[in-house]
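Please work through the exercises below with the sequence and the structure side by side. Each task is followed by a solution that goes step by step.

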Amino acid sequence: MKLIDLTQTLKPSMPVYPGTEPPIFVKSNTIDDDGFAEKKITMYSHTGTHVDSPAHMLKEKSTLDQLDIDTYRGNAFVINVSHLEGKTIEQSFIAQFEDEIKKAEFVLFYTGWDERWGSPGYFEDFPVLTVEAAKYLCSLNLKGLGFDCISVDEVGDTKMKNHKMIFSYNMIIIENLCHLRSLVGSFIQFSCFPLKIENADGSPVRAVGMIV
């Protein structure tokens, strides 16, 4: 058994979605002054490697705390889309993996964008699903979809069609994953447990892949 950490580190200088603020870490207590160390952390609920709840964009859908705990773990298949020409992931490309996807509960997409983490290029030109591809994946009885980039829609897209399509099936989305490269074409045991926040639209997670 081997565990692979698929999570970006939370820190003040980390990338965040354009228009939001980076996390703030304040040393509220120190060992020298108080005998113990404690930090006050202020951040958005979609900071770093995080999970989106269906209620992130659809009012009538579930928040993270309303979903069963089993939603956040399961068999995952990793697909390489880093070599695709253009910026879209077509249904015809994904369909060639249908037999594998039907054995999985999650599909994770390796775009290669985690290698741009910390650079301006991280927010630009990453491949995104077509709406048809998103709908096709939603029809395959999955728990969720994961990506090693900032969003399942283009940055600045106000319609968020892919998000809303996926959420309409009460599925979760995991964004800002990393270290998927070595897992391409493999099945792994995947987990992405969120903090147990009341009415959570999203939460940072510690995403982990387990190779059995």
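The exercises that follow concern a predicted model, and they deal with its nonpolar cores and its cysteines.

**Exercise 1.** Find which residues of the largest nonpolar core touch the most other members, and which element gives the most to this core.

*Solution.* Begin with the membership: the largest nonpolar core has 38 residues, and those that touch the most other members are Ile79, Ile94, Ile101, Phe109, Leu129, Leu137 and Leu145. Next, turn to the elements that give two or more residues to this core, which include the strands β5 (73-80) and β7 (106-110) as well as the helices α2 (91-95), α4 (131-138) and α5 (161-168). Of the elements, α4 gives the most, with five residues. Apart from this core lies another, of 22 residues, among them Leu67, Tyr72, Leu108 and Cys192.

**Exercise 2.** List what Leu137 is in contact with once its neighbours within four places in sequence are left aside.

*Solution.* With those neighbours set aside, the contacts of Leu137 are Ile94, Ile101, Val107, Phe109, Leu129, Leu142 and Leu145.

**Exercise 3.** Explain why Cys149 is in no disulfide, and state whether Cys149 and Cys178 are buried or exposed.

*Solution.* A disulfide needs two cysteine sulfur atoms within 2.5 Å. The closest cysteine sulfur to that of Cys149 belongs to Cys178 and is 12 Å away, so the distance is too far for a bond. Cys178 is likewise in no disulfide, since its nearest cysteine sulfur is that of Cys149, at 12 Å; the count of disulfides comes to zero. As for accessibility, Cys149 is buried, with a relative accessible area of 0%, and Cys178 is buried, with a relative accessible area of 2%.

Definitions and conventions:
Residues are numbered from 1 along each chain as its sequence is written. This is a predicted model: local features need pLDDT of at least 70, side-chain atom pairs count only at pLDDT 80 or more; totals for chains, interfaces and linings use all residues. Side-chain values use heavy atoms; hydrogens and water are left out. A nonpolar core is a set of buried Ala, Val, Leu, Ile, Met, Phe, Trp, Tyr and Cys residues joined through side-chain atoms within 4.5 Å. Buried means under 20% relative accessible area, exposed over 50%, partly exposed in between (1.4 Å probe, protein chains only). Helices (H or I, at least four residues) and strands (E, at least two) are DSSP runs, numbered from the N terminus. Contact means heavy atoms within 4.5 Å.
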